[in-house]
Amino acid sequence: MSEDVLIHYQDVELSFKDNIVLQNVTFEQHKGEFLYVIGKVGSGKSTILKTLYCELPVNKGNAYIFDYDLKKIKEKQIPLLRRKMGIVFQDFQLLTDRSVNNNLEFVLRATGWKNRHQINDRIKEVLDQVGMVNKGYKMPNELSGGEQQRIVIARALLNSPEIILADEPTGNLDVESGCKIVQLLHDICEKGTAVIMTTHNYHLVQFFPAKIKKCENGSLLDCVL
């Protein structure tokens, strides 16, 4: 792979619970590139992302992310791989029993950060990046859905990932909040972090254009809207 290629899939077959979801999946993701993966619910969008962060295995084809061969990756390597990516979930998955700051501190300490001043500085940096610098003291349930998703994106940015995987990040948001989240992801991408975003909201894709792949009839296809 050339130096700017982060992901290389060639003729990959993706399965879930012994059922083939997608066949002949072929694509490359480059540094600083934004990619939408669109398609109907259940078409395989999330399955692609789950293979990238090794929640699901790759059984056939060639599948590489960074320097990892996803068919041969060892269990002990998976946490190291995941630290090079940020993951944004549709349902937030914030810890509801602690503040925003403590949510972010928990992630940093779990990934090896120890210095209190460095931790506090990094939390402030990512909250500033997502426009939430004054909300660190709040509990998740005190925030709107759009605000919670901004915190999730801040969490994904903590360890300066090379790529963000955003799985239906606007799925639980109203139209205005969803647009702001997609704009934020594009802003992050423009600063050099690659983004793969799955969605079935074609309006958002048309409003914020980027490269598109479509899951349809068991295949991943090039797409132009």
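In the predicted model, a right-handed β-α-β unit is formed by strand 7, helix 6 (residues 175-190) and strand 8. The two strands of this unit, strand 7 (residues 163-167) and strand 8, are paired in the parallel sense through five bridges, and within this pairing Asp167 stands opposite Thr198 of strand 8. Strand 8 is also joined to strand 3 (residues 34-38), again by five bridges and with the two strands running parallel; here Ile38 has Thr199 of strand 8 as its bridge partner.

Strand 8, which spans residues 194-199, is mostly covered, with six of its six residues buried. This burial involves both faces of the strand, since Ala194, Ile196 and Thr198 are buried on one side, while Val195, Met197 and Thr199 are buried on the other. Thr198, which lies opposite Asp167, and Thr199, the bridge partner of Ile38, thus belong to opposite sides of strand 8.

The helix of the β-α-β unit, helix 6, is packed against helix 5 (residues 145-157), the axes of the two helices coming within 10 Å and crossing at roughly 20°. Because this angle falls under 35 degrees, helix 5 is described as roughly parallel to helix 6, and the crossing in which helix 5 passes helix 6 is right-handed. On the side of helix 5, the contact is made by Gly146, Gln149, Arg150, Ile153 and Leu157, and on the side of helix 6 by Ser177, Lys180, Ile181, Leu184, Leu185 and Ile188.

Technical notes: Residues are numbered from 1 along each chain as its sequence is written. This is a predicted model: local features need pLDDT of at least 70, side-chain atom pairs count only at pLDDT 80 or more; totals for chains, interfaces and linings use all residues. Side-chain values use heavy atoms; hydrogens and water are left out. Buried means under 20% relative accessible area, exposed over 50%, partly exposed in between (1.4 Å probe, protein chains only). Helices (H or I, at least four residues) and strands (E, at least two) are DSSP runs, numbered from the N terminus. Two strands pair if DSSP finds at least two bridges between them. A crossover is right-handed if, with the strands pointing away from the viewer, the path from the first strand over the helix to the second runs clockwise. Axes are lines fitted to C-alpha atoms, for helices over the stretch in contact, and angles run from 0 to 180 degrees between N-to-C directions. Angles under 35 degrees count as roughly parallel, over 145 as roughly antiparallel, 65 to 115 as roughly perpendicular and the rest as oblique. A crossing is left-handed if the near helix is turned anticlockwise from the far one by less than a right angle, and right-handed if clockwise. Contact means heavy atoms within 4.5 Å.
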